[in-house]
Amino acid sequence: MSEILKVEGLSAGYGPLRVLHDLDLVINAGERVGIVGLNGHGKTTLFYAIAGLTGWQRGSIELAGKQIGRTRSQGPGRYTHQIVRQGLAIMPQGDEIFNGLTVEEHLDSGAFTPEAWRTRKERKERVLDIFQPLRKLMKTPVGRLSGGERRMVSIGRGLMTDARLYLADEPSLGLAPKIGSAVMDALLQIDLKGSAMFIAEQNVALLEGRVDRIIGMHAGKLKGEASAASRLGER
Amino acid sequence: MDIFFVLTNAITVACIYGLIAIAVSITWSSLGLINLAYGFVFTFAGYGAWLVAQHINDHPALIAAAGIAMGAAAGVLVCLVVFIPLHDKPNFTTRGMIATLAISLIGSQSFLMFFGPRPKSLPELFGFWTLDLFGVRLTSDKIGIVVCSALMLFLVVRWMRGSRRGLEIRAMMMNPHAASIVGIGIRSTGIYVMAVTGAMGGLASVLLSQTYYIAPFNGLTPLIKGVSIALCGGLGSVQGAVIAAILLGLVEALTNEFLGGQYVLMTQFLFIIAVLVVRPRGISGLLDKAREQ
């Protein structure tokens, strides 16, 4: 089984603040991994570090064998689009969304590789099959949608390309419990086909027994099955 | 007859300054850069078109195309010199403004060095015919200016709405942070934005040279007017810039008619101040939605 994400000795933070402390982490192809922890303990920062969006970071991050982590001290987001183009789909927390674009344009904007852009019609159909309620809303500006619908749009946007690693940051955050679990169901139904998914969540009950393993995060350090080695032995 | 004459003058002027205002608006909202180098872009395109007219051919279409191409080239140059090195550094807004202003000033001085202080004039692009429309005499250059700038604006808006790059630019205008998450490269998109807005500035330069001469420091007035129209319309809004351009064109034409040309800048800025006192975000201020900083 190949390693999709391999993190070694990753530290990251913003300015004088150090949020992540020497993390090691491996995610294999075909795995769905949950990461749980309280607010402010570094889940989002870990995702941002993988995408190169933190203030500074050091340590090694390999995405499908390619080094994407580098020692950076300024310019958050400078290399993010290149990292994303290497096969990272980010479904960000909250409303990282383009208010004035319609749902359809929004999904189009997620299809950034030439191949995905050519086949964007079929891809949109696929997303709409997962998120049925969006079908009626294709021409509506995203700014007018409800919280649950927006979350569907931002997850759907992440599904528009063939990513190797999907990062879903608190997909149920701020949603009514029923809608939150529906969004999570949709996320867990997605056929991974050799890619991997990494889901951050505060509500352990939503992930329990439905993902391959759950990692805990506390004060910028990982607890639990950070490497899949022990798990692989069992299989 | 007088009032129609004033109106047609107003619309002609509005078209030219509107192009620059829209360029300023688009650059601000997508790149977060208040680009004061449009003065340089403007003069660069003017001299480029003049060189083509002198040494290659003075066919009107060729001159207009040369102006647009030189404007786009100057825009890309500004992007390479200012935007790409500075965009992810702290205090980018202030630094970018100072750097682009510097380019404008350096540009003016270099044009003075290369071409000398004598103003150059471009040949007439639109000929010397007139058209009677409902009793109003329209001269060829007025019609040409309005048609050319409307066409340019139409094409740019169409491109922004319909194409892949346009989608990326609009996404960046709304949320630059989310844009990088979706895989939109800020620097590569920046080059496209600056090329297109530069082309708009280049066309404005060629069109204005039908009325004024091309001189090293002639980029300054269009720049000031463009930026102030953009401010007045609400930075980041194309519709706001169009409305503000028409209003300010009207103010300019009325002042010319009733007070005299020397008062134009005064009445225009009084008008802008009045608008900004009543509506601090401009006529349709989208500033806070377009870019939260």
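This briefing covers the contact of chain B with chain A and selected helices of chain B. The model is predicted, with local features needing pLDDT of at least 70 and side-chain atom pairs counting only at pLDDT 80 or more, while totals for chains, interfaces and linings use all residues. Residues are numbered from 1 along each chain as its sequence is written, and chains are lettered from A in the order in which they are written.

**Contact between the chains**
- Taking two residues to be in contact if their C-beta atoms, placed from the backbone, lie within 7 Å, 16 residues of chain B are in contact with 24 residues of chain A.
- On the chain B side, the elements giving two or more residues are helix H6 (164–174) and helix H7 (176–181), and H6(B) provides the largest share, five residues; helices are DSSP runs (H or I, at least four residues), numbered from the N terminus.

**Helices H3(B) and H4(B)**
- The axes (lines fitted to C-alpha atoms over the stretch in contact, with angles from 0 to 180 degrees between N-to-C directions) of H3(B), residues 60–86, and H4(B), residues 92–115, come within 10 Å and cross at roughly 160°.
- The two helices, H3(B) and H4(B), are therefore roughly antiparallel to each other, a term for angles over 145 degrees.
- Val78(B), Val81(B), Val82(B) and Leu86(B) of H3(B) meet residues of H4(B) including Phe92(B), Arg95(B) and Ile103(B).

**Helix H10(B)**
- The 21 residues of H10(B), residues 238–258, should span 30 Å at 1.5 Å a residue, and the end C-alpha atoms are 30 Å apart, which agrees; the expected span is 1.5 Å times one less than the number of residues.
- Just after H10(B), Gly260(B) takes a positive phi of about 120°.

Technical notes:
Angles under 35 degrees count as roughly parallel, over 145 as roughly antiparallel, 65 to 115 as roughly perpendicular and the rest as oblique.
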